[in-house]
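I opened this notebook to record what I looked up about the enclosed space in the model and the ligand. The entries follow the order in which I worked.

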Amino acid sequence: MFRRTLINLVVVLAMVLAMVGVVSAAPQAQAETTYTIKLGDTLWALAEKYLGSGTAWPAIMASTNQKNIEDATFAYIRNADLIHPGWKLLIPSAETAKAFMAAYSPTKPELLFGKRAKGQLVVASWWTAGGEAEGLTGLFNIYGSKYPDVQIVNATVAGGAGFVFRPVLKTRLIAGDPPDTFQLHAGLEVEGYDPETYLEPMDDIFASEGLEKVFPADLLTLLEYKGHYWGVPVNIHRSNVLWYDKSIFADAGLTPPTTWDEFWAVADALKAKGVVPFVMGTSGGWEAPHVFEDVLAGTCGAEKYSGLWTGAVQWTDGCVAQALENFKRMLTYVNTDHPALSWDGAGHYLVGKKGAMMIMGDWANGWFEAQGYTGYGWAPSPGSKGIFVALSDSFSLPKKAPNRDNAIAWVKVCGSKEGQEAFNPRKGSICARTDCDPKLFNEYLQSAMADWASDAIVPSPVHGAAAIESWVTDFKDAIVLFVTSGDVAGTQAMLQQACVEAGTCK
Ligand code: GAL
């Protein structure tokens with residue numbers, strides 16, 4: 001008897017709980033609602049209140065952004081965390097929100113941004129840092145002024161050098177659900193995307209835009225894979241730049257080191273002054289390998305360095321051991337918090353005059369400028385004077401691009417003089433084209449243009465130019481391990497093995 005009462009009680013309790021659950025989960029507004037943001041509102045809280053669950057906030061963002069295209073009194077929400085009192089929102093009906101959420105995924109940000117009369121242009125890249133973002137906006141502005149009826153969607157996946165971006169993008173390509181265009185390094189990186197299956201060759205665009213006449217021959221060679229062009233390049237970046245804070249050097253009576261011996265002497269002098277001599281941020285797993293590719297070039301010289309990537313030189317060569325020794329010694333001068341910092345995070349050491357030198361690609365120049373930091377100087381990384389470790393960013397055309405015409409118009413803007421002149425001075429890169437106006441570029445970039453024209457050009461592995469992706473991954477893994485192990489012989493063996501596995505070494 002007692003047991004039955006207990007069971008009844010439990011059943012009743014469960015029913016009451018279920019009802020409460022149903023009531024609290026039930027949306028209070030079934031119909032579409034216009035809402036004006038009040039102080040303290042968040043999209044999450046509004047979604048909870050009107051749609052029954054905070055997780056449905058993307059539905060509010062999407063319907064508001066779509067409405068904004070027809071009626072500009074509604075807000076345009078770029079970032080869900082940045083909404084302001086007074087903004088007008090369109091909260092969809094619970095039913096519409098449910099249908100939207102069934103299709104939504106964070107890897108498809110384009111669903112949040114509405115469509116204009118001529119659809120969208122979904123541009124996927126990893127350009128989120130200062131300088132990178134400004135450069136991209138420069139390109140968007142030109143595209144937007146030419147094609148006002150296209151909604152541009154900036155589909156970024158943060159993380160320098162694209163190591164977070166690439167797996168996300170690959171999944172979309174394989175699923176047959178790509179963005180309209182995506183950032184692709186010129187060179188062997190394209191192999192990792194199986195271009196013959198997933199990308200459109202761009203030879204016709206190169207022909208119609210006369211691009212073979214405006215890009216240097218070396219770059220065209222780098223861009224060609226299996227007899228086709230798969231991306232239109234927007235820039236040339238240099239990997240092997242030593243950035244330094246001019247005032248720290250002036251105060252210590254130092255000049256930037258050009259050789260390894262000078263580097264050790266300068267680093268010791270800086271250490272004695274209580275300044276971190278050499279800064280790195282290695283949180284992304286690609287930054288230490290980036291520094292090492294430049295150490296390799298600055299130790300082996302241009303010819304041997306290039307040979308390492310073509311198989312003409314084996315990784316068992318003595319210069320590789322010497323490069324590892326140099327890198328190991330370099331690491332004795334580095335900031336201890338480097339594993340917690342990104343490349344731009346490490347840049348703050350220079351800006352704050354707490355760190356003196358950093359080796360990073362010349363996107364650091366765009367970042368410095370975006371920070372309003374002008375006290376930086378530059379030199380080739382130790383031993384690499386006369387060598388330009390090069391890479392280039394291009395934009396591709398996936399076969400299943402949902403807005404193909406818009407994407408074709410985009411890559412044409414990317415290849416144009418107007419596009420490159422708007423993009424590169426802010427990005428901190430030089431034009432891929434040979435006819436940009438040097439006067440638009442700052443002093444560093446003008447010096448990079450001169451070096452690009454006269455130096456030995458060698459390819460960067462970490463930024464997709466020199467090697468196929470699986471090799472880059474092995475190279476990267478070996479160097480990341482080396483940062484903590486310091487095992488020169490073991491690492492050299494791993495590097496040789498990586499080259500063998502890539503099919504390049506014997
Ligand atoms: C590189 C890319 C550059 C720059 C850098 C840091 O791979 O080519 O454009 O943005 O990553 O994110």
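Entry 1, cavity volume. I looked up the largest cavity and noted a volume of about 70 Å³. The model is predicted, and I read every value below as computed from it. I then listed the cavities of 30 Å³ or more and recorded three in the structure.

Entry 2, lining. I found 15 residues lining the largest cavity. Those nearest its centre are Trp 126, Glu 132, Ala 161, Trp 363 and His 463. By class, I recorded the lining as seven nonpolar, five polar and three charged residues.

Entry 3, position. I asked where the largest cavity lies with respect to domain 2 and domain 3. Domain 2 (120-237 + 391-459) and domain 3 (239-390 + 463-501) each contribute residues to the lining, so the largest cavity lies between them.

Entry 4, occupant. I located the ligand in the largest cavity. I counted 13 residues around the ligand, with Glu 132, His 185, Asp 393, Lys 427 and His 463 as the closest. I classed this shell as six nonpolar, four polar and three charged residues. Domain 2 and domain 3 each supply at least three residues to the shell around the ligand.

Entry 5, polar contacts. I next examined the oxygen atoms of the ligand. For Trp 126, I noted 3.3 Å between an N or O atom of the side chain and a ligand oxygen. For Trp 127, a polar side-chain atom lies 3.1 Å from an oxygen atom of the ligand. For Ala 161, I recorded a polar backbone atom at 3.2 Å from a ligand oxygen.

Entry 6, burial. How much of the area that the ligand exposes when taken alone does the protein bury? I noted 310 Å² for the ligand taken alone, of which the protein buries 100%.

Key:
Residues numbered from 1 in each chain as written. Predicted model: local features only at pLDDT ≥ 70, side-chain atom pairs only at ≥ 80, totals over all residues. Heavy atoms only, no water. Near = heavy atom within 4 Å. Polar contact = N/O pair within 3.5 Å; in protein donor to acceptor, adjacent residues only side chain to side chain. Areas by Shrake-Rupley, 256 points an atom, 1.4 Å probe, with all protein chains shown as cover. 1 Å grid on protein atoms, 1.4 Å probe; cavity = no way out; pocket = protein on both sides within 12 Å on 5 of 7 lines; lining within 4 Å. Sits in = over half its atoms within 2 Å of the grid points. Nonpolar A, V, L, I, M, F, W, Y, C, P; charged D, E, K, R; others polar. Domains from an automatic or database assignment. Points joined across faces, edges and corners; volume = space filled by probe spheres on them.
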